[in-house]
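Welcome! Take a moment to look over the sequence and turn the 3D structure around before you read on.

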Amino acid sequence: MLTEERYDLIMKRLQEQGVVKLQELVELLDASESTVRRDLVDLENRNLLKRIHGGATLANQKSWEPGIEEKTFKNIQEKNVIARLAAEQLVDGECIYLDAGTTTLAMIPFIEAKDVTVVTNGLSHVEALVSKNIRSYLLGGMMKVHTKAVIGSMALQNLDNFRFDKCFLGTNGVDAGMGYTTPDPEEAIIKRRAHQLSGRTYVLADSSKIGDITFAKLFDLEEAILITESLPDAWRGPITEKTKVIEG
């Protein structure tokens, strides 16, 4: 099969599915893994797709979201810095909301405050919280397999039974104009409501997300405190003019 023919098939499959796995392309193209990897690199250089862990997605696809497995192995050092900073904001006896996501999950080992109560919509979070003997509540609702987050109307109704001293949210994009954004409107609704029910909101985002915009808006920058490992110099003015930033 000619190179351009492979490119055409790759792009057609991406247009159909939005995201495609490397092994799927190996079978589709009847080509070696190394050949497919080279094809993906070339197509990414043409700005036609974006390579991800184990596959590819369409370039600039704002509604696509990586799964928890991919997120777990991305920017690990940065996430640990952010997680430690976030955990340091806790005070003994507080009731908090902990959003689903790998950066908020990384907070749990760093929690030293005593008698803390945690409400979360993250399945993985409950397992980690229980192992550390932290009192925790898991929202009921529909489990989103891709991110292991509980979402939907039932989760939203369940959330209204609580009030929080603080909430800690993840985000996929931080932009001076568009504020905080995430690919899934269903998750955005849960995050936004947790923010509304909290006395103070912290948004955890590594520097790779600064300047990105995804599909669904959470709220404006000035409504929360941003925790990041390092704010890029190009964004320091536009971001810090609108919100307090805690940096590692």
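Here is a short tour of one helix and one sheet. This is a predicted model, in which local features need pLDDT of at least 70 and side-chain atom pairs count only at pLDDT 80 or more, while totals for chains, interfaces and linings use all residues. Residues are numbered from 1 along each chain as its sequence is written, and side-chain values use heavy atoms, leaving out hydrogens and water.

**Helix α3**
- Helices (H or I, at least four residues) and strands (E, at least two) are DSSP runs, numbered from the N terminus.
- The 13 residues of α3 (residues 33-45) should span 18 Å at 1.5 Å a residue (1.5 Å times one less than the number of residues), and its end C-alpha atoms are indeed 18 Å apart.
- Thr35, Val36, Asp39, Leu40 and Leu43 are the buried residues of α3 (buried means under 20% relative accessible area, exposed over 50%, with a 1.4 Å probe and protein chains only).
- These buried residues fall within an arc of 135° seen down the axis of α3, so they line one face of the helix (the arc is that of the directions from the helix axis to the C-beta atoms).
- On the other side of α3, Arg38 and Asn45 are exposed.

**The three-stranded sheet**
- Three strands form an open, antiparallel sheet in the order β10-β11-β13 (two strands pair if DSSP finds at least two bridges between them).
- β10 (173-175) and β13 (216-219) stand at the edges with a single partner strand each, so one side of each has no neighbour in the sheet.
- β11 (residues 179-182) pairs with β13 over three bridges, and Thr181 stands opposite Lys217 in β13.
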